[in-house]
Structures are given as structure tokens and as C-alpha cells.
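Reader: I would like to learn how to read a ligand site and a surface patch from coordinates alone. Could we go through them one feature after another?

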Amino acid sequence: MDTNNQDIPYTPPRIGDDAPDFEALTTIGRIKFSEFAKDHWVILFSHPADFTPVCTTEMTGFAVREEEFTELGTKLIGLSIDSIHSHLAWINSVNKSMGILMKFPIIADLDMKVARLYGMIAPGESDTSAVRAVYFIDPKMKIKLIMHYPHNVGRNMDEIIRVLKAMQLSDKHKVVLPLDWQPGDKVVVPPPRSLEEMQEREKSDYEMVDFYLAKRDV
Ligand code: BEZ
């Protein structure tokens, strides 16, 4: 898909869509995204620019918690509309000043190919840099969740990890997660779809709020 040709209308992917594949230059070398992502959850996130304060707090936030993501079978990959030289200089500078090494790949998207492909550019915010986007992509290469934050507000790493755990738990146990769910909390059993299923519930040890809202431990 030639997303740089403004004459061709293009709708960026939404949740439930296949994650668009691409090749890109990154701080770990050239990658094909589908090969990088194979059999893993992936968090693809963009930041507006290297050497900016909020971005530095966010990107070091990912680096500090990278092991947690690895334990969740999840790979990280960042992106900004900066050159590979800028990325490397920033990584070096952050490592020297903060002692934190950003080891995950960061895409050098100078031609905005990937940013446009995913819809990371919001012209009302800036047409030369990406918003603070986070794409959660499952092992089947489906986009499961998209977050977009403006330039002036940083993201929340606890929330990123919470929703990742929630989606993984939902897939594994075929349950859904209520308002403010935190790991360890009870989960919601999907509502019954037949009279028989509804009556079965009466005999279960679920915590029943109503016939359609039942909770259980996992
Ligand atoms: C920042 O990361 O601090 C930042 C980046 C772009 C615009 C405003 C702030």
C-alpha cells in the first residue's frame, strides 16, 4: 500500500483488523514486521520525537519494564519520524545520563511510511510527527487495541501492562473483564445465549449479580 500517495484514499487499520505488514530500518537492523512479530504479542508504539522530555520518560519506561513484557510473551517495537542516527544518538545519550539502555528496536520512519500505514499521524496535532500511539497486536497479527495520546500528555505504563494482561486472560479463559479490572480480580463470564445456559448458571458457584452478570475467579 502506497500510503504516501495522497490521491489514493486510505483508511488506517482499526481494532479487529489484520496488522499491516511492512519492512523498516530499525535500531537492530532491517526487519520485516511479520517475521519480527511471529508467534508473539507485539506492542508497536510511536513517540513524537527523539531528544524530547516526555518521550524520554515514556521510552525509558518501556525499557525499564521490558522484562515484564518478555515474561508476557510480548515484543516491543518503537517508532518515530527520526533518522537512525538520531535514534542511536538518543539511545546513547539516555544510557549515559540515566543508565537505561533502550534495547528494543526503534523504527527510523523518516518517510512516514509506517506511521501513515498505521494512522499515527494526526494533522490536527502535527503533520510532521507521530502521536503517542500504542498498537497491541496478538500472535495472529490482529490489532486488538489502539491507544492514541496527544503530544502534551504521557502514557501510563501500568495501564499498558494491565490491558495486555486483560486481553491475554480473556483469550485464554474466554472471559471478559469489567470496569477497573486488575490482575487477580474476579472476571465476568460471558452472558448466557440460551435458556439452558441461563438455568445452568443458577446451579454454578458464580457470584451472580444478575442472570447476565456473573463473576468467577480464574
Ligand atoms: C515531549 O516529548 O516532551 C514532546 C514532544 C513533542 C511535543 C511536545 C512535547
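Reader: Which polar backbone atom is 2.8 Å from an oxygen atom of the ligand?

Author: Bear in mind that this is a predicted model. A polar contact is read as a pair of N or O atoms within 3.5 Å. Here the backbone atom belongs to Cys55, and the ligand oxygen is 2.8 Å from it. Side chains take part as well: a polar atom of Thr52 lies 3.0 Å from an oxygen atom of the ligand, and an N or O atom in the side chain of Arg132 is 3.1 Å from a ligand oxygen. Of the 270 Å² that the ligand exposes when taken alone, the protein buries 72%.

Reader: Which residues surround the ligand, and which helix gives the most to that shell?

Author: A residue is counted when one of its heavy atoms lies within 4 Å of the molecule. In this model the ligand is surrounded by Pro48, Thr52, Pro53, Val54, Cys55, Arg132 and His151. Helix α2, which spans residues 53-64, gives the most, with three residues. Sorted by class, the shell has four nonpolar, two polar and one charged residues.

Reader: Turning to the surface, which residues make the nonpolar patch of about 280 Å², and why does Met208 count as partly exposed?

Author: The patch is made by Met208, Phe211 and Tyr212, and Met208 lies in strand β9, residues 207-210. Partly exposed is the class between 20% and 50% relative accessible area. Met208 counts as partly exposed because its relative accessibility is 31%.

Technical notes
Residues numbered from 1 in each chain as written. Predicted model: local features only at pLDDT ≥ 70, side-chain atom pairs only at ≥ 80, totals over all residues. Heavy atoms only, no water. Polar contact = N/O pair within 3.5 Å; in protein donor to acceptor, adjacent residues only side chain to side chain. Areas by Shrake-Rupley, 256 points an atom, 1.4 Å probe, with all protein chains shown as cover. Helix = DSSP H or I, 4+ residues; strand = E, 2+ residues; numbered from the N terminus. Nonpolar A, V, L, I, M, F, W, Y, C, P; charged D, E, K, R; others polar. Patch = residues over 30% accessible without salt bridge, like charges linked within 9 Å, V, L, I, M, F, W, Y side chains within 5 Å. Salt bridge = Lys/Arg side-chain N within 4 Å of Asp/Glu carboxyl O. Buried < 20%, exposed > 50% of the residue type's maximum accessible area, 1.4 Å probe, protein only.
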